[in-house]
Amino acid sequence: MTSSPRRVVRATLEFFEDLDQQLGPDRGPGGEPSANDFQVADLLRIVERFATDFDAMPELIIGRPDYRVLVGTGVLVAGFLVIGHLASDGDVELIELDLGKRLGWE
């Protein structure tokens, strides 16, 4: 079995805009995590998955192996969906984040 290459992963401005729209700068009154909390607890795990498993992830669009999707549960969030794109330089760009609010995972 051949292992996938370890890829450099970077989050785009759009990814962080998605994060900021879904989680505020401060923790919520009901214990909802802040955007910073998510970055520390969950984003590092997501980046690691894209860095090591990109080629094994499901294609977002069949026949387009340059777009992959990761759906999972977080440490601080009930669920997430992250879309990654393989850039021309071989790095993975995280381009979209959904923390389940739009999908009704709350």
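In what order do the five strands of the open sheet stand, and what kind of pairing do they show? In this predicted model, the order of the five strands is E1-E5-E4-E3-E2, and the pairing in this open sheet is mixed. Strand E1, residues 9–11, and strand E2, residues 59–61, stand at the edges with a single partner strand each, so that one side of each has no neighbour in the sheet. On average, and with direction ignored, neighbouring strands of the sheet are turned by 40° against each other.

The pairings within the sheet can be set side by side, as in the table below.

| Strands | Sense | Bridges |
|---|---|---|
| E1 and E5 | parallel | three |
| E4 and E5 | antiparallel | six |
| E3 and E4 | antiparallel | six |
| E2 and E3 | antiparallel | two |

Individual bridge partners show how these strands are aligned. Beginning at the edge formed by E2, Ile 61 has Arg 64 of E3 as its bridge partner, and E3 itself covers residues 64–72. Further along, Val 69 stands opposite Ile 83 in E4, while Val 82 has Leu 97 in E5 as its bridge partner. Glu 93 of E5 is the bridge partner of Arg 10, and Glu 93 of E5 is also the bridge partner of His 85. As a general point about such strands, the side chains of a regular strand alternate between the two faces of the sheet. Strand E4 is mostly covered, with five of its seven residues buried.

Two helices pack on this sheet. Helix H1, made of residues 13–22, touches E1, strand E4 (80–86) and strand E5 (92–98), and the direction of H1 makes about 20° with that of E5. Helix H2, made of residues 35–53, touches E1, E3, E4 and E5, and the direction of H2 makes about 130° with that of E5.

The connections between these elements hold some residues that deserve separate description. The hairpin of E4 and E5 has five residues between the strands, and within this hairpin Gly 90 takes a positive phi near 90°. Asp 91 also has its place in the loop between E4 and E5, and Asp 91 counts as buried because its relative accessibility is 16%, where the cut-off for buried is under 20%. The side chain of Asp 91 is joined to that of Arg 10 by a polar contact of 2.6 Å. When neighbours within four places in sequence are left aside, the residues in contact with Asp 91 are Val 8, Arg 10, His 85 and Leu 86. Arg 10 and His 85 therefore appear both among these contacts of Asp 91 and as bridge partners of Glu 93.

Which residue lies in the loop between E1 and H1? Thr 12 has its place there, and with 15% relative accessibility Thr 12 counts as buried. Leaving aside neighbours within four places in sequence, Thr 12 is in contact with Glu 93, Leu 94 and Ile 95. The C-alpha atom of Thr 12 is separated by 16 Å from that of Leu 99, a residue that is 87 residues away along the chain.

How many aromatic pairs does the structure hold? There are two of them. Phe 15 and Phe 16 make an edge-to-face pair, because their ring centres are 5.6 Å apart and their planes stand at 90°. The two rings of this pair fall into separate accessibility classes: Phe 15 counts as buried at 0% relative accessibility, whereas Phe 16 counts as partly exposed at 28% relative accessibility. Phe 50 and Phe 54 form a tilted aromatic pair, with 6.4 Å from centre to centre and 40° between the planes. Both Phe 50 and Phe 54 are buried. Arg 68 lies over the face of Phe 54, at 5.5 Å from the ring centre.

Terms used
Residues are numbered from 1 along each chain as its sequence is written. This is a predicted model: local features need pLDDT of at least 70, side-chain atom pairs count only at pLDDT 80 or more; totals for chains, interfaces and linings use all residues. Side-chain values use heavy atoms; hydrogens and water are left out. Rings of Phe, Tyr and Trp (its six-membered ring) pair if their centres lie within 6.5 Å; planes under 30 degrees apart count as stacked, over 60 as edge-to-face and the rest as tilted. Buried means under 20% relative accessible area, exposed over 50%, partly exposed in between (1.4 Å probe, protein chains only). A charge sits over a ring if NZ of Lys or CZ of Arg is within 6 Å of the ring centre and within 35 degrees of the ring normal. Two strands pair if DSSP finds at least two bridges between them. Helices (H or I, at least four residues) and strands (E, at least two) are DSSP runs, numbered from the N terminus. Axes are lines fitted to C-alpha atoms, for helices over the stretch in contact, and angles run from 0 to 180 degrees between N-to-C directions. Contact means heavy atoms within 4.5 Å. A polar contact is a pair of N or O atoms within 3.5 Å; within protein, one must be able to donate a hydrogen and the other to accept it, and residues adjacent in sequence count only if both atoms are side-chain atoms.
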